[in-house]
Amino acid sequence: MDFQDLLPLMIYDDKCYVCIKFAKLMNFLAKGKLRMIGHYTDLGKKIRNEILDDDALEMFWFINKETAYGGRAAIIPLLSEI
C-alpha cells in the first residue's frame, strides 16, 4: 500500500481516553492538515505492519515524507508541521 498520499499523518491509541483527547487537540490545531489514524483501525494495523515495529503501540507516531517520529520525539516535528 502506498502511504504517500496520506502523509502527513498521526497514529494514536484510539482505545485510550487521554490519547484520544490529545489527538482531538492536535486535529483542532492542525485544522485538517493532518490525517488522524487509530492504532486499532484497519489502516492503522496495515501501517504498523508495513512501516512501524511491534513496539509502536506504546506511543503515538507522527509520520511525514522524511521519517516516522514516535512519542516525545514526535512532538516538535508534529507542532512544526501544524
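Here are some questions and answers about this predicted model.

Q: What is the mean pLDDT of the chain, before we get into details?
A: Let's start with coverage: 96% of the residues reach 70 or more. By element, confidence is highest in α1, at 92, and lowest in α2, at a mean of 87. For the chain, the mean pLDDT is 87.

Q: In what order do the four strands of the open sheet sit?
A: The pairing in this sheet is mixed. β2 and β4 (68–70) are the edge strands, each pairing on one side only. Read across, the order is β2-β1-β3-β4.

Q: By how many degrees are neighbouring strands of this sheet turned against each other on average?
A: We're looking at the open sheet with the order β2-β1-β3-β4. Ignoring direction, the average turn between neighbouring strands is 20°.

Q: Which residue stands opposite Met10 in β2, and which in β3?
A: Take the β2 side to begin with: β1 and β2 run parallel and are joined by four bridges, and there Met10 faces Met36. On the β3 side, three bridges pair β1 with β3 in the antiparallel sense. So much for the pairing; the two residues opposite Met10 are Met36 in β2 and Phe62 in β3.

Q: Which residue in β4 is the bridge partner of Ile63?
A: β3 and β4 run antiparallel, with three bridges joining them. Within that pairing, Ile63 is matched with Ala68.

Q: Are the residues Leu9, Met10, Ile11 and Tyr12 of β1 buried or exposed?
A: Check one face of β1 and you find Leu9 and Ile11; check the other and you find Met10 and Tyr12. Both faces are covered, and the four residues named are all buried.

Q: What angle does the direction of α1 make with that of β1?
A: Helix α1 (residues 17–30) packs on the sheet, where it touches β1 and β2. Together, β1, α1 and β2 make a right-handed β-α-β unit. The angle between the directions of α1 and β1 is about 165°.

Q: Why do the buried residues of α2 line one face of the helix?
A: The buried residues in α2 (residues 42–50) are Gly44, Ile47 and Arg48. Seen down the axis, they line one face because their directions fall within a limited arc. On the other side of α2, Asp42 and Asn49 are exposed. The arc that holds the buried ones is 100°.

Q: At what angle does α2 run to β2?
A: The cover over the buried residues of α2 includes β1 (9–12), β2 (35–38) and β3 (61–63). α2 lies across those strands, β1, β2 and β3. Relative to β2, it runs at about 85°.

Q: What is the relative accessible area of His39?
A: His39 lies in the loop between β2 and α2. Leaving aside neighbours within four places in sequence, its contacts include Tyr12, Gly44, Arg48 and Trp61. Buried means under 20%, and His39 counts as buried with a relative accessible area of 0%.

Q: What is phi of Lys31 near?
A: Lys31 is found in the loop between α1 and β2. It is exposed, at a relative accessible area of 71%. Its phi is positive, in a residue other than glycine, and is near 55°.

Q: How does Ile82 count in terms of exposure, and at what relative accessibility?
A: Ile82 sits in the segment after α3 (75–81). Not counting residues up to four places away in sequence, it touches Met26, Leu29, Ala30, Lys33 and Leu34. Ile82 counts as partly exposed, at a relative accessibility of 25%.

Q: How many Å apart are Ile82 and Asn49 in space, C-alpha to C-alpha?
A: Asn49 is exposed on α2, while Ile82 belongs to the segment after α3. In sequence the two are 33 residues apart. In space, C-alpha to C-alpha, the separation is 26 Å.

Conventions:
Residues are numbered from 1 along each chain as its sequence is written. This is a predicted model: local features need pLDDT of at least 70, side-chain atom pairs count only at pLDDT 80 or more; totals for chains, interfaces and linings use all residues. Side-chain values use heavy atoms; hydrogens and water are left out. Buried means under 20% relative accessible area, exposed over 50%, partly exposed in between (1.4 Å probe, protein chains only). The arc is that of the directions from the helix axis to the C-beta atoms. Contact means heavy atoms within 4.5 Å. Two strands pair if DSSP finds at least two bridges between them. Axes are lines fitted to C-alpha atoms, for helices over the stretch in contact, and angles run from 0 to 180 degrees between N-to-C directions. pLDDT is the predictor's confidence in each residue, from 0 to 100. A crossover is right-handed if, with the strands pointing away from the viewer, the path from the first strand over the helix to the second runs clockwise.
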